[in-house]
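Visitor: I am new here and would like a tour. Could you explain the reasoning behind the words you use as we go?

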Amino acid sequence: MRLDGNALAGVLVEALGTEMTEAPRGCQSCGAVNPVGAHLLYQGAGWVLRCPACGDVALRVVSLSDQHVLTFAGE
């Protein structure tokens, strides 16, 4: 199932304390700059946010009972 990055908004606010869907993100692979909300979101055991231009991984999120673990890539 694929969504857009806006579906991750609540988790990002919980983890980072601010709204991030309009924040620009530069892809480390293709150099495209897009708002976080425009990225492609895939859900499985956690969430994976991917660049809408090339599909490279931008962010991995795993939610535990008491915290969110985020792994960022790019600029």
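**Reading the model, step by step**

Guide: Let us start at cysteine 30, which touches Cys51, Ala53 and Cys54 once residues up to four places away in sequence are left out. Please keep in mind that this is a predicted model.

Visitor: What makes these residues count as touching cysteine 30?

Guide: Contact means heavy atoms within 4.5 Å. Cys51, Ala53 and Cys54 are the residues that touch cysteine 30 when its sequence neighbours up to four places away are not counted. For Cys54 there is also a backbone distance: the C-alpha atoms of cysteine 30 and cysteine 54 are separated by 6.6 Å, with their positions 24 residues apart along the chain.

Visitor: Where is cysteine 30, and why is it called partly exposed?

Guide: Cysteine 30 is in the loop between β2 (24-26) and β3 (33-35). Buried means under 20% relative accessible area and exposed means over 50%. Cysteine 30 has 39% relative accessibility, so it counts as partly exposed.

Visitor: How many helices and strands does the protein chain have, and in which order do they run?

Guide: The protein chain has one helix and seven strands. Starting from the N terminus, the order is β-α-β-β-β-β-β-β.

Visitor: How do you know that the size of the protein chain agrees with a compact globule?

Guide: A compact globule of 75 residues would have a radius of gyration near 11 Å, and the protein chain has 11 Å, so the two agree. Along the principal axes, its C-alpha atoms fill a box of roughly 35 × 25 × 20 Å. Of the 75 residues, 27% count as buried. The protein chain exposes about 4400 Å², and carbon and sulfur atoms supply 52% of that area.

Visitor: What makes up the largest nonpolar core?

Guide: Nine residues do: Leu8, Val11, Leu12, Val36, Leu41, Trp47, Leu49, Leu59 and Val61. At least two residues of this core come from each of α1 (9-16), β5 (47-50) and β6. To belong, a residue must be buried and joined to the set through side-chain atoms within 4.5 Å. Valine 61, one of the nine, is in contact with Leu8, Val11, Gly46, Trp47, Val69 and Leu70, leaving aside neighbours within four places in sequence.

Visitor: Arginine 60 is in strand β6. Is arginine 60 buried, exposed or partly exposed, and why?

Guide: The relative accessibility of arginine 60 is 42%, so it counts as partly exposed. Beyond its neighbours within four places in sequence, arginine 60 is in contact with Trp47, Val48, Val69, Leu70 and Thr71. Between arginine 60 and valine 36, which are 24 residues apart in sequence, the C-alpha distance is 13 Å.

Visitor: Why is glycine 10 called partly exposed?

Guide: Glycine 10 lies in helix α1. With a relative accessible area of 42%, glycine 10 is not under 20% and not over 50%, so it is partly exposed.

Visitor: And what about aspartate 4: where is it found, and why is it called partly exposed?

Guide: Aspartate 4 is found in strand β1 (residues 2-4). Its relative accessible area is 36%, so aspartate 4 is partly exposed too. Setting aside residues up to four places away in sequence, aspartate 4 touches Gly37, His39 and Leu41.

Visitor: One last stop, please. Which residues make the nonpolar surface patch?

Guide: Val62, Leu64 and Val69 make a nonpolar surface patch of about 220 Å². Leucine 64 is in the loop between β6 (57-63) and β7 (68-72).

Visitor: What makes leucine 64 fit for a patch, and why is it called partly exposed?

Guide: Patch residues need over 30% relative accessible area. Leucine 64 has 44% relative accessibility, so it passes that mark and counts as partly exposed.

Key
Residues numbered from 1 in each chain as written. Predicted model: local features only at pLDDT ≥ 70, side-chain atom pairs only at ≥ 80, totals over all residues. Heavy atoms only, no water. Patch = residues over 30% accessible without salt bridge, like charges linked within 9 Å, V, L, I, M, F, W, Y side chains within 5 Å. Areas by Shrake-Rupley, 256 points an atom, 1.4 Å probe, with all protein chains shown as cover. Salt bridge = Lys/Arg side-chain N within 4 Å of Asp/Glu carboxyl O. Helix = DSSP H or I, 4+ residues; strand = E, 2+ residues; numbered from the N terminus. Buried < 20%, exposed > 50% of the residue type's maximum accessible area, 1.4 Å probe, protein only. Rg over C-alpha atoms; globule rule 2.2 N^0.38 Å.
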